[in-house]
Every structure is written in structure tokens, then in C-alpha cells.
Amino acid sequence: MNHPLVERIVQGDRRALARALSHLTDGHPDKDQLLEALYPYADKARVVGFTGAPGAGKSTLVNQLITHLRRSGHIVGVLAVDPSSPFTGGSLLGDRVRMSDHSGDPGVFIRSVSNRGHRGGMAAATREMLMALSAFGCDAILLETVGVGQAELDVLHVADTVALVLTPGAGDAVQASKAGIMEIGDVFVLNKADEPGAKSLLRALQSMVHERALWRNDWPVPIVPSVATSGEGIAEVWDAICAHQAHMAKRPDAEQRAQIRRRAHILSLVEMELKERLRKSATANARWRDLIEVHKELSPATVAARLLQDIDQMLLPKTPENSG
Ligand SMILES: Nc1nc2c(ncn2[C@@H]2O[C@H](COP(=O)(O)OP(=O)(O)OP(=O)(O)O)[C@@H](O)[C@H]2O)c(=O)[nH]1
């Protein structure tokens with residue numbers, strides 16, 4: 001399906017990209033057509049998530065990585081994901097200011113993701129924006145998340161590789177491991193390697209890798225020290241990310257994992273649409289309205305069971321047994 005904006009995006013028109021992203025985030029009437037036209041160009045980019053405690057240096061690191069990637073000719077997209085912010089545009093994010101080193105560069109596109117206009121939540125919003133950036137020709141897309149809550153974790157599943165940014169000040173690595181945070185990182189960036197305690201954190205992490213405590217998918221998680229403020233270790237961070245992606249692509253279950261992702265995406269779309277329809281039916285459907293509002297003698301659980309029976313009837317294929 002053709003779409004005039006997508007035709008322009010594919011030719012590298014930044015204004016068309018900006019407009020398309022606004023249409024996606026504002027829930028514009030054109031949105032479904034836009035997504036349809038973007039689909040053939042989706043999934044062409046390498047998507048890397050960055051997460052870690054506030055102040056760990058994620059923005060500084062992403063900023064340096066943009067410079068590194070631009071030097072090697074990549075077209076870079078950056079999505080700053082902040083589920084706590086109801087605002088689009090993200091002008092409140094300090095991230096944007098720090099990354100403004102790249103604001104005049106036509107090969108860098110930076111945008112924030114918010115929940116507005118996306119009933120499906122942050123992960124769906126992020127996926128849609130990735131499609132547009134990929135169509136524009138971004139071959140490396142960096143997702144920076146703020147915080148490590150459930151919404152951020154959902155978003156990180158969209159990434160091919162997740163870099164967890166740790167710092168010497170962040171406390172004992174073993175404590176962090178107990179909190180389950182370590183499990184989301186495919187690459188550990190030990191940032192602020194210039195600060196006291198960096199060496200002992202490095203040793204603690206290395207022994208966890210040695211004990212295979214941090215292995216997943218036969219991948220020994222690399223620990224890469226960096227000083228984001230000076231740029232030290234940045235090339236090594238990117239190399240580790242690329243190595244992870246090469247490793248995953250070679251695994252025999254690569255196809256199966258892509259299939260699982262596709263299924264999860266489709267089901268999340270159905271799920272959000274079903275929720276909306278359910279809400280509407282609760283008032284529009286006279287039988288349901290009656291059950292909910294009039295029959296107060298029925299417990300909520302009984303009413304819920306009856307509504308579910310109705311739904312089952314609608315979903316089941318018609319057979320002589322259930323057609324009545
Ligand atoms: N010494 C030292 N300071 C660093 C390093 N990297 C970042 N910083 C400083 O740490 C502070 C926080 O860095 P940010 O990049 O804003 O961290 P962030 O993780 O994006 O923080 P939020 O935006 O709050 O999520 C800034 O003052 C940086 O200059 C580093 O490698 N060494």
C-alpha cells in the first residue's frame with residue numbers, strides 16, 4: 001500500500017518523518033494506513049536498548065555512541081522512552097538537551113516516546129515509531145529508557161540487544177543481581193570506570209560471568225568499562241553489542257524467536273482492541289448493561305462469568321451444538 005508520507009520518508013525526507021511520527025503519536029485518523037505502508041520497511045534496523053539507574057550515564061553514553069556511529073556512516077535514530085511522562089515531544093527530558101550536539105546532523109533523528117495516543121502502551125508505541133525510523137533509513141536505533149519499571153521492561157523486549165549501564169556507585173553487583181535487574185542485560189556497560197570502586201565492581205561482575213550466573217542463550221555477557229564523559233570504551237561498547245547480535249543471529253532458534261515476537265505483537269494489538277470494545281459493549285449492549293447495572297442481586301463474579309459465556313459463544317465456530 002502506498003502512502004505519500006511514506007514515499008517521502010523512504011527518500012530521506014526528515015519533515016515527512018517528523019509528520020508521520022506525530023500522526024502515530026497523536027492517533028491520527030490516517031494512522032492505520034500509515035502503519036500498513038510502513039510495514040515493508042520495518043525491522044531493517046539494529047535496535048539497542050539502554051537501561052540503568054537514573055544518573056548512571058545513559059544519555060552521555062548514547063550521545064557518544066551517536067558520534068561513534070555517525071563516524072562509521074550509520075544513520076542513527078534515538079527514542080527516549082519515558083513512561084512516567086504524559087507529554088509528547090519530550091522537551092522535558094534532559095536527554096534531549098544533552099544530545100543536542102547532534103541536532104544539526106541530518107543523519108540523526110531523536111524523538112521521545114510517550115503513552116499518549118497509544119492505547120497499547122509504550123511497547124506498541126515504540127514498535128510503531130521504530131517502523132518509521134527504519135523506513136527513513138536508520139540502521140541503528142538506540143532506545144534510552146528512564147528507570148527500570150515494568151513499562152520499561154516491556155519496551156526493552158522490542159530491542160535486539162539490551163545494554164545495562166551500571167556504575168561503581170550503584171552498590172553491590174550481587175545485590176543488583178538479586179533484584180533481577182541483571183537478567184535484562186545482554187551487554188553490561190560499567191560506566192564511570194574513572195570513579196573509585198570501578199575495579200572491584202568489574203571483578204565482582206567478572207566472577208559472576210565466570211560462574212555462568214549471567215549467561216543466557218549460550219552467551220557470556222561481556223562487561224565493558226567505559227567513561228562516557230570522555231568517550232573511552234565507547235567503540236568497545238558498540239563492538240560488544242554487534243557481537244551479541246551476531247551470536248543471536250547464528251542461533252538455531254533465531255527464526256522461532258522472531259515468530260514469538262511477531263505473535264506477541266499481534267496479540268498485544270488484539271488485546272488492546274478487545275479491551276476497548278469490551279468497554280464500549282458494557283454500555284452499548286443492552287443485555288450486558290442490564291446484567292451489570294440492573295441485576296444487583298447477581299454477584300460481580302456471576303455477571304463476569306455470564307459476559308464471558310457470551311464472548312465464548314461469539315468466538316466459537318458455529319456448530320449445531322452451540323449455534324442456539
Ligand atoms: N565521572 C564520570 N561521570 C559521568 C560519566 N558518565 C556520565 N557522567 C556524569 O553523570 C551524570 C549523569 O549522566 P547522565 O548521562 O545524565 O545519566 P542518565 O543515566 O542519562 O541519567 P537520567 O537522565 O537521570 O536517567 C552527568 O553529570 C554526567 O556528566 C563517566 O563515565 N564518568
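The following legends describe close-up views of salt bridges and nonpolar cores in a predicted model.

**View 1. A salt bridge joins Asp13 and Arg8.** The closest N and O atoms of Asp13 and Arg8 are 2.9 Å apart. Asp13 has a relative accessible area of 23% and is therefore partly exposed. Arg8 also counts as partly exposed, because its relative accessibility is 33%. This pair belongs to a structure in which the count of salt bridges comes to 10.

**View 2. Glu128 of helix H6 is paired with Lys31 of helix H3.** These two residues form a salt bridge, and their closest N and O atoms lie 3.2 Å apart. Helix H6 covers residues 121-136 and helix H3 covers residues 31-38, so the salt bridge ties together parts that are 97 residues apart in sequence. Both Glu128 and Lys31 are buried.

**View 3. Arg261 and Asp160 form a salt bridge between a helix and a loop.** The distance between the closest N and O atoms of this pair is 3.3 Å. Arg261 lies in helix H11 (residues 254-284), whereas Asp160 lies in the loop between helix H7 (150-156) and strand E5 (161-166); the pair therefore ties together parts that are 101 residues apart in sequence. Arg261 is partly exposed, with a relative accessible area of 36%. Asp160 is likewise partly exposed, at 28% relative accessibility.

**View 4. Four charged side chains share salt-bridge partners.** Asp218, Arg251, Asp253 and Arg257 are joined into one network. The links in this network are salt bridges that have partners in common.

**View 5. The largest nonpolar core contains 37 residues.** Within this core, Ile9, Leu17 and Leu38 touch the most other members. At least two residues of the core come from each of helix H1 (4-10), helix H2 (14-26), H3, strand E2 (76-81), strand E3 (108-113), H6, strand E4 (140-145) and H7. The greatest contribution is that of H6, which gives 10 residues.

**View 6. Ile9 and its contacts are shown in detail.** When neighbours within four places in sequence are left aside, Ile9 is in contact with Ala16, Leu17, Ala20 and Leu38, among others. Ala132, Ala135 and Phe136 are also in contact with Ile9. Apart from the largest core lies another core, of 26 residues. Its members include Val62, Val78, Val108 and Val224.

Conventions: Residues are numbered from 1 along each chain as its sequence is written. This is a predicted model: local features need pLDDT of at least 70, side-chain atom pairs count only at pLDDT 80 or more; totals for chains, interfaces and linings use all residues. Side-chain values use heavy atoms; hydrogens and water are left out. Buried means under 20% relative accessible area, exposed over 50%, partly exposed in between (1.4 Å probe, protein chains only). Helices (H or I, at least four residues) and strands (E, at least two) are DSSP runs, numbered from the N terminus. A nonpolar core is a set of buried Ala, Val, Leu, Ile, Met, Phe, Trp, Tyr and Cys residues joined through side-chain atoms within 4.5 Å. Contact means heavy atoms within 4.5 Å.
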